[in-house]
Amino acid sequence: MTETHSTGVRGDSGPEVARLVASRVLDVPDFPKPGVMFKDLMPLFADGDVFREVIDGIVGHHGRDSFDIVVGIEARGFVIAAAIAYATGVGVVPVRKAGKLPRAAYSASYALEYGEATLEVHQDAFTAGHRVLVVDDVLATGGTAEATLDLVERAGGTVAGFTVLMELGFLGGREKLAGRPVHALLTV
Ligand code: AMP
């Protein structure tokens, strides 16, 4: 990466980890529909050293004693949540797309950057006051995150933090989540 490229790379955990994430993202134009620039983080997941550094960075930012359980948003959030859970000895709660959970669930519908969606969480996912760290790969318009944080609270959890590997700042997701703690390793 050239100096020119690394200038201006920013994120809430500093330029070093921001550059690390940026180095493992592939831009896929017009996926899943024309006009969308898809940020593919599979190369980051596939690189063991980088993945470990990123997970350690997230845990270090929040502090391993600041949360009791991790929520991952379907589907790429599951990968991140499971790694954090294993690294810190806590459990994972999946927030899933509509119709996937087998037992009584809370639902929240919202608008995506590309389409509409409904997310669900089991009604008994948390014990009251559970401190919940929520993770996902990309923050775009913020609808997914807003719905998820709402679901966590409806199910009795307390949001301890929200981390994404990458934030598309120009879509205003952070503003939509005003008042919520947003931690993005890379902001573009
Ligand atoms: P949003 O609700 O608009 O913030 O969208 C965030 C959710 O959609 C996350 O779960 C992302 O995985 C996915 N997503 C939205 N836009 C993109 C994008 N441009 N590249 C990759 N994933 C995206």
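Trainee: In which order do the seven strands of the open sheet stand?
Mentor: The pairing in this sheet is mixed, where two strands pair if DSSP finds at least two bridges between them. Strands (E, at least two residues) and helices (H or I, at least four) are DSSP runs, numbered from the N terminus. The order is S5-S6-S4-S3-S7-S8-S9.

Trainee: Before we go on, what kind of model is this?
Mentor: Residues are numbered from 1 along each chain as its sequence is written. Local features need pLDDT of at least 70, side-chain atom pairs count only at pLDDT 80 or more, and totals for chains, interfaces and linings use all residues, because the model is predicted.

Trainee: Which strands stand at the edges of the sheet?
Mentor: Look for strands with a single partner strand, so that one side is left without a neighbour in the sheet. Two strands fit that description: S5 (105-112) and S9 (182-187).

Trainee: And by how much are neighbouring strands of this sheet turned against each other on average?
Mentor: Axes here are lines fitted to C-alpha atoms, for helices over the stretch in contact, and angles run from 0 to 180 degrees between N-to-C directions. For this average, though, direction is ignored, and the value is 25°.

Trainee: Which residue in S6 stands opposite Arg-96?
Mentor: Strand S4 (residues 91-97) and strand S6 (residues 115-122) pair in the antiparallel sense over two bridges. Opposite Arg-96 stands Glu-120.

Trainee: At what angle do the axes of H4 and H5 cross?
Mentor: Helix H4 (residues 48-62) and helix H5 (residues 76-88) have axes that come within 10 Å. They count as roughly perpendicular, because that class covers 65 to 115 degrees (under 35 is roughly parallel, over 145 roughly antiparallel, the rest oblique). The crossing angle is roughly 70°.

Trainee: Which residues of H5 make the contact with H4?
Mentor: Contact asks for C-beta atoms, placed from the backbone, within 7 Å. H4 brings Phe-51, Ile-55, Ile-58 and Val-59. From H5 come Ala-83, Ile-84, Ala-87 and Thr-88.

Trainee: Which residues of H2 are buried?
Mentor: Buried takes 20 or more other C-beta atoms within 10 Å of a residue's own; 12 or fewer is exposed, in between is partly exposed, and C-beta atoms are placed from the backbone. Helix H2 (residues 15-22) lies across S8 (158-167) and S9, and the cover over its buried residues includes helix H3 (42-46), H4, S8 and S9. The buried ones are Val-17, Ala-18, Leu-20, Val-21 and Ala-22.

Trainee: How far apart are the end C-alpha atoms of H6?
Mentor: Helix H6 has twelve residues, 143-154. The expected span is 1.5 Å times one less than the number of residues, so H6 should span 16 Å, and the separation in the model agrees: 16 Å.

Trainee: Is Leu-177 buried or partly exposed?
Mentor: Leu-177 is found in the loop between helix H7 (173-176) and S9. Not counting residues up to four places away in sequence, Leu-177 touches Gly-142, Ala-145, Glu-146 and Val-182. With 17 C-beta neighbours inside 10 Å, its class is therefore partly exposed.

Trainee: What is the omega of the peptide bond from Phe-31 to Pro-32?
Mentor: Pro-32 is found in the loop between strand S1 (26-29) and strand S2 (37-40). The bond is cis, with omega near 0°.

Technical notes
Two residues are in contact if their C-beta atoms, placed from the backbone, lie within 7 Å.
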